[in-house]
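Student: I am new to this structure. Can we go through it in short steps?

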Amino acid sequence: MGDDWLSQRAQAAEQAVPGGFDLSECVREPIHLLGGVQSYGTLLAVDAATGLVDTAAANTGPLLGVTAEDLVGGPVTRVVEPDDWNEALEATSGADAPSAALPVTAGTGSSRGTFDLSVHRSGELLVLEFEPRDERQAFLFSGFYQGVRRALARLRSASTVTDGCRTAVKEIRSLTGFDRVVAYRFDGPDGPGEVVAEEVTEAWEPWLGLWFPATDIPPQARRLYQDNWIRVITDVDDPTVRLHPQVRRSTGRPLDLSGAALRTVSEFHLEYLRNIRVRSSMSVSVMREGRLWGLIACHGAEPKVLAPEVRSACELFGAAFSLQLAAIEERERADGFARSGARAGAVAELLDADVEASLLRHEEAFRGLTNADGVALVRSGRPVTAGLPLPDRLASELGRRAALMTPGTVWATDRLPELLAEAGTGTGTGTGTGTGTGTGTETERGPIAEPDGVAGLLMVSLGRSGEFLAWTRAERPMPREWAADPAAPVRVGPRGERLTPRGSGAVFRSVMRGRSLPWTAQDQSAALEMWRLLTGLVLRHANELGRLNDELRMINVDLDSFAHAAAHDLKEPLRGISNAATFTLEDAADDLDATSVRRLETMQRLAGRMDELLNSLLHYARLGRGGVERTDVPLDDVVDAALEVAGPRLADEHVTVVRPATLGRVRADPDRLYEILVNLLVNAAKYAADRPDRTVEITVVTVPTQDGAGREQAVLVRDNGIGIPPGRQSEVFDLFRRLHGPAEYGGGTGVGLAVVKRIVERHGGRLWLESEPGQGTAFYFTLGDPGPAASGSA
């Protein structure tokens, strides 16, 4: 569960605690500004530029021979040799300088002695931490170094994450001597933690496999664990040594002790450790890709002071362990990629040019590739799913996420309902029950999926337009054992109202809902390989389609050129034939018999008909060769102009024009739009029905887009004429095609609606009709998306 949810439950539980303990204070506590240090050492904060002491711990008197009040404002060289001060400056110089450790002789008078000095920078200050060095227990570095080398060698031999964790806790316990050492893995950056490996003395209760609520380690503590690899608490009952001054004059705040090994400990955390009967502790961060993966947590029954060399060795071991985990995960990913490559290749071979249809035909193979319950492919806004349904709302949400991802990026989660709830897009309910050893029950609530819903998702982005391929898994309820009831993380402990005592023998069992089986590295490798193969297939098809489109474009250019040339060149001999017939009739009419005259007149009529057809063909060809010059046009003005031509024909047929008060504006070529309207209006006049209420309506309507994903504006020209039979409606847009005889319904060449279609297509729009015989015909046309350069040539 997410930290927000657990915090809400924790705060609800706190209200039942006498005295009103507020866990939110723990979450908000500035643990790097507590203004104190652990008393086994002392601290000075020195201005790096001037060498003057800015802040000092209150115990500098007994440890260094000069009180804090006397040190502040004076030179640090009163208690530190100038050479050691210069070495500390040099060791921490430069941007992002690491901390440094060196043995020094410091102090004055009877307090002068040998110290382990740790140095780090905090803004303009150099923070010096002094820990007395016990020469009677001189650190045998050579022997210890060999032990560290052996520990690192054993760590490198670990082949799985679990093996690595087991090796880590065993070696850390050997290096430090703590009574319990556990590897603690976080369930997400803000989630609870699970003990995945443990080394513990027989007298201590084992924790292996137990979960701990996220509230045990609040967010600010996790941030410090990311910045500092190691944290040591020598004694939970140690009296904190305050700093002088408590508030720095230059900032008005306490000294920032984020990087200090001696930093004092939050009272909340100290009470937590006391309640689990721990006297000393150490935590080593485990990092993965710059984020906190988990901790190696060490607990002791007695106070324990660790020499800086031991801390450094443990810090080194933690860094090596983090690198080994990364190496193991990379190796698992590489092995998974190799194993899944062949399987993905076999599945990809099942695809053909129609990717969506072939996915549906072979959906079992696709789902089996990642052991998924469902598979979904979303291209051009159209989802194709098989198996576990993918709700439309979820598909839209995933499309938005995919659009922000780099193509080929794999994204996986086994807790999709939680993520959607955190984004404010998910809802749901769930239950779980559990029992402790005689106490406690739990019911988990939160934003989780229904049992048959999508709980796990493995998605790979196909492109910046929001296309993706995804595998889905249904919810799989998972049992968990908690070291404490996460529904009540605060109770009255033996020392007061603090965090719940652990180690009582109580185990709280629950069932986690809203989760699927986790996706493995092999699953993710299979998804990535499938993306690569699918992309290659789509690109091959796209290249083939591009080649065919180029060929088609050349063919269309040739046809347009041929039509233009034919129409132009054929008119000359046709004109000669017509003239010859005319001249013959004029000059020799008296000498010709009636049959010859009739034949010459037929020749004239057919030549005129042929001339009309050639003019129509020439006009149609010009539409294919010319551009479209879009402007912002008032549709009413174009309709008025079209009615100047078509109006008399409509009046002759007693057809009434119906239109709204205003039609608005459109982006179109006004001359071409005029031609569309003239043809449609004349068409309405030609095919008016034999009825008294003959009308033609012109208006603008909203219609679904062609893909059904949105809405767009269309111009509607609707008559109540003779209508078109259903089986012949597609023919009316063909060139030179009339459904009636040449002399019927006013005659014509059968070019008008073909011209309308071509003009609409030149605008990037679409044209369609709805008709019923005897009831009239409605023509719809859109003018496409004018785009950013709508006023230019198309």
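Tutor: Start with two helices: α17 passes α18 in a right-handed crossing (the near helix is turned clockwise from the far one by less than a right angle). Helices are DSSP runs (H or I, at least four residues; strands are E, at least two), numbered from the N terminus. This is a predicted model: local features need pLDDT of at least 70, side-chain atom pairs need 80 or more, and totals for chains, interfaces and linings use all residues. Residues are numbered from 1 along each chain as its sequence is written, and side-chain values use heavy atoms, without hydrogens or water.

Student: At what angle do the axes of α17 and α18 cross?

Tutor: Axes are lines fitted to C-alpha atoms over the stretch in contact, with angles from 0 to 180 degrees between N-to-C directions. The two axes come within 8 Å. They cross at roughly 35 degrees.

Student: How many nonpolar residues does the contact of α17 with α18 have?

Tutor: Contact means heavy atoms within 4.5 Å. L643 and L650 in α17 are among the residues that meet α18, whose side includes L677 and L681. By class, no residue is polar and 2 are charged. The nonpolar residues number 17.

Student: Which element supplies the largest share of the largest nonpolar core?

Tutor: Such a core joins buried (under 20% relative accessible area, 1.4 Å probe, protein chains only) Ala, Val, Leu, Ile, Met, Phe, Trp, Tyr and Cys residues through side-chain atoms within 4.5 Å. This one has 38 residues, and L681 is one of those touching the most other members. α17 and β26 are among the elements supplying at least two residues each. The largest share, 8 residues, comes from α18.

Conventions: Buried means under 20% relative accessible area, exposed over 50%, partly exposed in between (1.4 Å probe, protein chains only). Ala, Val, Leu, Ile, Met, Phe, Trp, Tyr, Cys and Pro count as nonpolar, Asp, Glu, Lys and Arg as charged, and the others, Gly among them, as polar.
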